Amino acid sequence: MNKETQSVKMWSGRFREPLDPEFEAWQRSIVFDWQLLQEEVAASKAHASALAEAGIVSGDELFHLRTVLDDIAAEHASPEGAAKVRDHETAEDIHHFVELALTERLGSLALKLHTGRSRNEQIATDLRLYVRKQIQLTVATLAQWALALVDKAKLAGDAVMPSYTHLQRAEPVLVAHWLLAYVQMLLRDISRLRDCSARLNYCPLGSGAVAGATLKLDRSIAAKELGFAAPTANSMDATSDRDFVLEYLQALTFIGLHASRFAEEITLFATAEFGFVQLPEAFSTGSSAMPQKKNPDLTELVRAKVGRLQGAALAVAMQLKGLPLAYNKDMQETQEPVFAVRGTAQMLGLLARFTSALEFNSTSMKEAAESGYLNAMAAATYLVHKGVPFRKAHEKVGNAVRFALEKDVELGGLTLAELRQFGEEFDTDFYDAVTLEATLDCHDVVGGTARRQVRAALVEAKQRIHAVQRPNTREADQEAVHAGA
């Protein structure tokens, strides 16, 4: 690196020796923080407005600064333009790039823009803006997937499937009830992201390098322009806080876990051994060797994505561990994990379309729900209504199941005389109490799989989703918190 190159560094005044060339290339962050260009421009415009209010730049100078900053953002908004930022030979980071681009167009006026600010507060602001935008996008696609699940549940009507505990058939449930379980997970995910967004929504501009700006800037100007709730309360915390990055990545990890659970069930249900669902061909692939195959590539990839998300969160946790106040270069490493998970919203959009295209084999599901003594709980409940203590009812029905297994019939296939071997309380009304419909409807509590409860749950779920689709409203925040309760 020659002296001319060294001189364009933002910090080079007190240095005589050039950087080691390999170290110089190794420590540059422009290779990934180019993705913050739009945020850097927005924050720079807001800072320029604060400088104008403080009398550091004139009204005419403010106009030129803001106009050229807009031009820089527009020129590099395309993939080709973004590549020019990423591959810039001189810029250390995105802040340096914007300053160089401004200087090319405005000369010494561009150098006024850094008055009263530090790169420490710039990156803290840019990252908050970026994460806030990604949260908005992720919430929107979560809502899309949740709506697709609700719509599919509504189409399923009174279709029935077995539920599972320990991966063994347990009780019959409505297909809609199973789908709505995932809706509840997604509503909790939305509430976590909204909570994260509210906590990060304070503006670090004006915090300086560590102790606050050396000029008496009106910090509310930048905060208001950038849509923050207020300026941050402590300059040392503002420049070193990356809690919001970790919280965001942890919230995405929950999303990945929920998506992975859904993907795993669909993968299982699509096998010949289950035969419950038909995979959409538009989201499946074949085998290069076996002509008959239709592979669940989408669900298998979704199932794996949680590893990337959790890995990003863990990396940031380890990067922040033990850091002293305030800013440290270690924090540069917290950026790449954030950029590495930007595909989460795309995954959710694909899941929404995949869910809409799924086809259920209702006949196979119903057959599975009607076999294997899945009405045993309903049978025990029948005896409870006859005055039998539940523990005794459980034992009587268990004995009846064992007898039915030996006869190779379901509970409804036993004669009344056979049933009365296990309890005189059995009567002719037993058979109506253990039909598939009665087995569903005996779960007639809020959150249960009774048909009327699920119909009400469908309406409520759709209302909650529509509420969270209305951003920046108290109602939306309350709905999200309620969904996560």
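Rings of Phe, Tyr and Trp (for Trp, its six-membered ring) are said to pair if their centres lie within 6.5 Å. In this predicted model, such ring pairs link Trp145, Tyr164, Trp178, Tyr182, Phe262, Phe269, Phe274, Phe276 and Phe360 into a cluster. The points below begin with these rings, then turn to the packing of helices, to some buried residues and to unusual backbone angles.

**Aromatic rings**

- By the rule just given, the count of aromatic pairs comes to 19.
- The rings of Phe269 and Phe276 have centres 5.2 Å apart and planes at 50 degrees, and because this angle is neither under 30 degrees nor over 60, the pair counts as tilted.
- Phe269 counts as buried, since its relative accessibility is 2%, and Phe276 likewise counts as buried at 2% relative accessibility.

**Helix α4 and its two partners**

- Two packed helices are described by the angle between their axes and the distance between the axes.
- Helix α4 (residues 37–53) packs with helix α9 (residues 119–156) at an angle of about 120 degrees, and their axes are 9 Å apart; this angle makes α4 oblique to α9.
- The crossing in which α4 passes α9 is right-handed.
- On the side of α4, the contact is made by Glu39, Glu40 and Ala43, while α9 contributes Gln122, Thr125, Asp126, Leu129, Tyr130 and Lys133; sorted by character, the residues of this contact are three nonpolar, two polar and four charged.
- With helix α5 (residues 59–75), the axis of α4 crosses at roughly 175 degrees, and the two axes come within 10 Å; angles over 145 degrees count as roughly antiparallel, so α4 is roughly antiparallel to α5.
- The contact of α4 with α5 is made by residues including Leu37, Val41, Ala48 and Ala52 of α4, and Leu62, Leu65, Leu69 and Ile72 of α5; its residues divide into 10 nonpolar, three polar and three charged.

**Buried residues in helices α8 and α18**

- Ala110 lies in helix α8 (residues 108–111) and is buried, because its relative accessible area of 2% is under 20%.
- Leaving aside neighbours within four places in sequence, Ala110 is in contact with Leu65, Glu99, Leu102 and Thr103; Ala110 and Glu99 are 11 residues apart in sequence, and their C-alpha atoms are 6.7 Å apart in space.
- In helix α18 (residues 376–385), the buried residues are Ala378, Ala379, Ala380, Tyr382 and Leu383, and the buried residues of α18 pack against α19 (390–407), α21 (430–433) and α22 (436–441).

**Backbone angles**

- Most residues other than glycine have a negative phi, and most peptide bonds are trans.
- Leu167, which is not a glycine, has a positive phi of about 60 degrees; Leu167 is placed in the loop between β1 (160–165) and β2 (168–174) and counts as exposed at 59% relative accessibility.
- Tyr373, also not a glycine, has a positive phi of about 65 degrees; Tyr373 is placed in the loop between α17 (362–369) and α18 and is buried, with a relative accessible area of 13%.
- Gly387, just after α18, takes a positive phi of about 100 degrees.
- Leu325 and Ala326 are joined by a cis peptide bond, for which omega is about 0 degrees, and Ala326 has its place in the loop between α14 (297–320) and α15 (335–340).

How values were computed. Residues are numbered from 1 along each chain as its sequence is written. This is a predicted model: local features need pLDDT of at least 70, side-chain atom pairs count only at pLDDT 80 or more; totals for chains, interfaces and linings use all residues. Side-chain values use heavy atoms; hydrogens and water are left out. Axes are lines fitted to C-alpha atoms, for helices over the stretch in contact, and angles run from 0 to 180 degrees between N-to-C directions. Helices (H or I, at least four residues) and strands (E, at least two) are DSSP runs, numbered from the N terminus. Angles under 35 degrees count as roughly parallel, over 145 as roughly antiparallel, 65 to 115 as roughly perpendicular and the rest as oblique. A crossing is left-handed if the near helix is turned anticlockwise from the far one by less than a right angle, and right-handed if clockwise. Contact means heavy atoms within 4.5 Å. Ala, Val, Leu, Ile, Met, Phe, Trp, Tyr, Cys and Pro count as nonpolar, Asp, Glu, Lys and Arg as charged, and the others, Gly among them, as polar. Buried means under 20% relative accessible area, exposed over 50%, partly exposed in between (1.4 Å probe, protein chains only).
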